Amino acid sequence: MDFDLGPPAARPASPIADLSYRGYDGPLSTRLFRWWIVALAGIRLNLKKPWFWVLAGLCLFPYLFQGITLLSNADRTLQALMGGNAPEARYTQAFFNAFSGQQFLLFITALLVGASSIAADNRANALLVYLSRPITKNDYLAGKWVGVFLPVFVVAFFPALLLYLFCLVSYTSEGFWRDDPWLLGRIVLACAIAGAIHASLLLGCSSWSKTPRMAGAIYAALYLVSGIVAGIAGSITTVFSGSSEEAAREILVTHLSIGGVITGLAQNVYHLTLQSMRFNRRAMQPVHLELAPPAFWVMLGLGLAMVVVGLAATRMRIRAVEVVRG
Amino acid sequence: MAVATISHLTVRYGAKTAIEDLSVEVPEGCVGLLGPNGAGKTTLIKTLLGFLRPAAGTGAVLGLDVATQGLRIRQRVGLMPEVDCHIPGMNAVTFVGYAGELAGMPGSQALRRAHEVLEYCGLGEARYRNVETYSTGMKQRIKLAQALVHGPRLLFLDEPTNGLDPAGRDEMLNLVRDLSHGKGVNVIVSSHLLPDIERTCDWVLVMRGGKLVREGDIAGLRVVEGVQVDVELRLPSEPFEAAMRRRGARVFRQMGSRYRLTLAEGGTDPGRQLLEAAKEAGAQVRGFRPALRSLEDIFMEAVEE
């Protein structure tokens, strides 16, 4: 047998290993949906945060609780104690209650997802990277907005969808579908309202800050202080006597906050009159109340104003590149 | 062929005129952009990138109108900004790939290309590290990588050697030189460091007060008028100076034993003259060459005119 004992022949360089620089002559497209690239990058970064998953998990609990309540018929006992809701509204009310119970967690989720959205870019001068590409200010703004809106929306909507599917499987024979055929649409809309208001206001705070912590602190202060002030204002401006006008005014004043507008609009979307017990301080006795949704147009106006102000504040801060110092 | 053509360009910020009636053709290759503070370099590059609308005149980059085709221009050019910049929370490959996607590359190609470019820029080993953990030199390189990823035909480099140590500076200048002279990428370098421009660029534009005050290829600008020779002797020699003066030359002693001689035009061979003078003075000539101006001389002349 012959053996080749000579030096090994030089192997041709593998094209795979050839990482030397070459000009790029592949496709370069000016996409119509350039903002989606920005949004997708933001979403991917958020999905890497462990706390996002923790909060997303916690957001399941209000719907889980409502599911158990429906399953055990405890809602009917509660309704009987409260004076009795319209029986056909029991499912709608369950969804609204879960949505309301989820609000604080959604607010924390929004803080986690949105506070760093533009503030971190400001700190790292990332706008220089974005705006030196074929990306407009509006593309960047839309991308960042969707990058905050979508995670918040999904975290709000996914548990609701699970409960909806559970009800669809378990209670269709008991009138779940018949009582409110538009319930799924209402759920989507309510979750979208929460996502849109959080995303717009948070982007506004984030764009005016250099650090995510500062942006988060500003938004948290706005959210919590507005809620506390509205609550106090509602209670001190109204001495409850049981009249429906007074109740409507109190409801409106207590909803004049970020969280209040979200739940107020959601109650309008769910088209739900809530049953409540209050203590009449004049008559010194409990009173059964029907709490109608807060004035729709006021809530809608405030909600739209929050979105517009947030987006306008953000857009003002997105400036073209400072290219050369000199 | 010119990579950028500017004709009677005027750019204003409100009432202030930043660039006034500027006309220039930026040639292919590596071009240095020089000028003191407020000269209009920033404004010129902003205008070329399509961020500012000219008040008058026209401009085109790679044949695209700066007033109406800003997006298409930015798709074909790359910018390496002066300040540190990155996308927070990303490692180098993700960041450079993302920059490619923003420029319009398909995701898979952007990722493949990110690996190539990072390897070329010397960050191959560190490509999976978060960019926020990079040293100053590495951050300069990643800025170059993100500017290169989509294969731009024209690259704007703003102070590319900022904050680099001598070895890092050397490597960065080699990269810039290789890009423009080896890879066929047109480069416009804005720098305050004249040696950087001198080492990398073939052509220079000097601006002052929003106007172009000097342009041309560096080799041509450095040639001095008349017959001037730089001579270095072993030791300073007054007899040599006297001997040269007797031959009608003007003698300027520069530093140590170096002299610049301005000889009468049309005389005998300059080399012969100075060797004869050295022999006469008993001086030892170490070397001589036709005098050249430094880029600093050219710059100072241009901005002081």
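**Exercise 1.** In which sense, and over how many bridges, do strand β11 and β14 of chain B pair?

*Solution.* The model examined here is predicted. Begin by locating β11(B), which covers residues 227–233. Its pairing with β14(B) is antiparallel and extends over five bridges. One of these residue pairs joins B:Val231 to B:Phe288, the latter lying in β14(B).

**Exercise 2.** Determine the strand order of the open sheet in chain B and identify its edges.

*Solution.* First, write the order of the four strands: β12-β13-β11-β14, with antiparallel pairing. Next, consider the partners: β12 (250–253) and β14 (285–290) of chain B each have a single partner strand, so they form the edges and one side of each lacks a neighbour in the sheet. Finally, add the geometry: from one strand to the next, the twist averages 20°.

**Exercise 3.** State which strands of chain B helix α10 lies across, and give its angle to β14(B).

*Solution.* Helix α10(B) comprises residues 270–281. The strands it lies across are β11, β13 (258–263) and β14 of chain B. Relative to β14(B), the helix runs at about 155°.

**Exercise 4.** Describe the contact between chains A and B, with attention to the side contributed by chain A.

*Solution.* Count the participants first: chain A gives 33 residues and chain B gives 46 residues. Then assign elements: α1 (34–47), α5 (90–123) and α6 (126–131) of chain A each provide at least two residues of the side touching chain B. The largest share, four residues, belongs to α6(A). Lastly, sort this side of chain A by class: 20 residues are nonpolar, eight polar and five charged.

Key
Residues numbered from 1 in each chain as written. Chains lettered and ligands numbered in written order. Predicted model: local features only at pLDDT ≥ 70, side-chain atom pairs only at ≥ 80, totals over all residues. Contact = placed C-beta atoms within 7 Å. Nonpolar A, V, L, I, M, F, W, Y, C, P; charged D, E, K, R; others polar. Pairing = 2+ DSSP bridges. Axes fitted to C-alpha atoms, helices over the stretch in contact; angles between N-to-C directions.
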